[in-house]
Amino acid sequence: MRKGLLWFLGIVILALGIFMYVRFYYVFGTGVKAGELNYLVYKGVVFKTYEGKLIQSGFRADRPGGLQSNQFEFSVVDKEIAEQLMISSGKNVQLHYKEYFGKLPWRGYTKFIVDSIIMIEEKPNRDLEEELTPYILESM
């Protein structure tokens, strides 16, 4: 009887361990998202995390007859990546991310964790462009 109970508890603990691993640590998917970085903030009550939002081009219908912009909400674990993104607000970026089944409070508020920056596109200097436009038109 006691040996059977120990086997049962061992199997339950093993199954619980496998469930926790798959739910919170197994990478379900990876990918790249591109768009304009809306913001990246450092927030939290107990666990401070970096949270951001990327506005993707195009629109989608959230309900019949309605339109909504594509927004990608993500978390960042690496402080260096977060600092780079904080100074890139408003720029077009390409971000590589990992997707998990569940979220952990010390990892962020979302299931999407950005682990690298592929590209940050500098926007053209509008003042310089406006200054050069008359000269470009004259040369044509």
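The following paragraphs describe the fold, the aromatic pairs, the nonpolar surface and one strand residue of a predicted model.

The protein contains three helices and five strands. Read from the N terminus, these elements follow the order α-β-β-β-α-β-β-α. Of the 140 residues in the protein, 26% are buried. The exposed area of the protein is about 10200 Å², and carbon and sulfur atoms account for 60% of that area. Among contacts between residues at least 6 apart in sequence, 57% connect residues that are at least 24 apart.

Eight aromatic pairs are present in the structure. In one of them, the ring centres of phenylalanine 47 and tryptophan 106 are 5.9 Å apart and the ring planes stand at 65°, so the arrangement is edge-to-face. Phenylalanine 47 belongs to the loop between β1 and β2, whereas tryptophan 106 belongs to the loop between β4 and β5; the pair therefore ties together parts that are 59 residues apart in sequence. Both rings are borne by residues in the intermediate accessibility class: phenylalanine 47 is partly exposed, with a relative accessible area of 38%, and tryptophan 106 is partly exposed at 48%.

A further edge-to-face pair is formed by tyrosine 97 and phenylalanine 112, with 5.7 Å from centre to centre and 75° between the planes. Because tyrosine 97 is located in strand β4 and phenylalanine 112 in strand β5, this pair ties together parts that are 15 residues apart in sequence. The two partners fall on opposite sides of the 20% limit for burial: tyrosine 97 is buried, at a relative accessible area of 10%, while phenylalanine 112 is partly exposed, at 23%. Ring pairs also join Tyr97 and Phe112 with Phe72 and Phe74 in a cluster.

Arginine 107 is placed over two tyrosine rings. Its charged end sits over the ring of tyrosine 100, at 3.8 Å from the ring centre, and also over the ring of tyrosine 25, at 5.9 Å from the ring centre. Tyrosine 25 is situated in the loop between α1 and β1 and is partly exposed, having a relative accessible area of 46%.

Tyrosine 25 is also one of the residues that make up a nonpolar surface patch of about 1300 Å². Both members of the pair described above, Phe47 and Trp106, belong to this patch. The remaining contributors are Leu14, Ile18, Tyr21, Val22, Tyr26, Phe28, Val45, Val46 and Phe101. Helix α1, spanning residues 2-24, gives the most to the patch, with four residues.

Threonine 30 was examined as a single position in strand β1, which covers residues 27-43. With a relative accessibility of 53%, threonine 30 exceeds the 50% limit and therefore counts as exposed. When residues up to four places away in sequence are left out, threonine 30 touches His96, Tyr97 and Lys98. One of these partners, tyrosine 97, is the buried residue of strand β4 that pairs with phenylalanine 112. The C-alpha atom of threonine 30 is separated by 9.5 Å from that of isoleucine 113, a residue 83 positions away along the chain.

Definitions and conventions: Residues numbered from 1 in each chain as written. Predicted model: local features only at pLDDT ≥ 70, side-chain atom pairs only at ≥ 80, totals over all residues. Heavy atoms only, no water. Helix = DSSP H or I, 4+ residues; strand = E, 2+ residues; numbered from the N terminus. Buried < 20%, exposed > 50% of the residue type's maximum accessible area, 1.4 Å probe, protein only. Contact = heavy atoms within 4.5 Å. Areas by Shrake-Rupley, 256 points an atom, 1.4 Å probe, with all protein chains shown as cover. Phe/Tyr/Trp six-rings, centres within 6.5 Å; stacked < 30°, edge-to-face > 60°. Lys NZ or Arg CZ within 6 Å of the ring centre and 35° of its normal. Patch = residues over 30% accessible without salt bridge, like charges linked within 9 Å, V, L, I, M, F, W, Y side chains within 5 Å. Salt bridge = Lys/Arg side-chain N within 4 Å of Asp/Glu carboxyl O.
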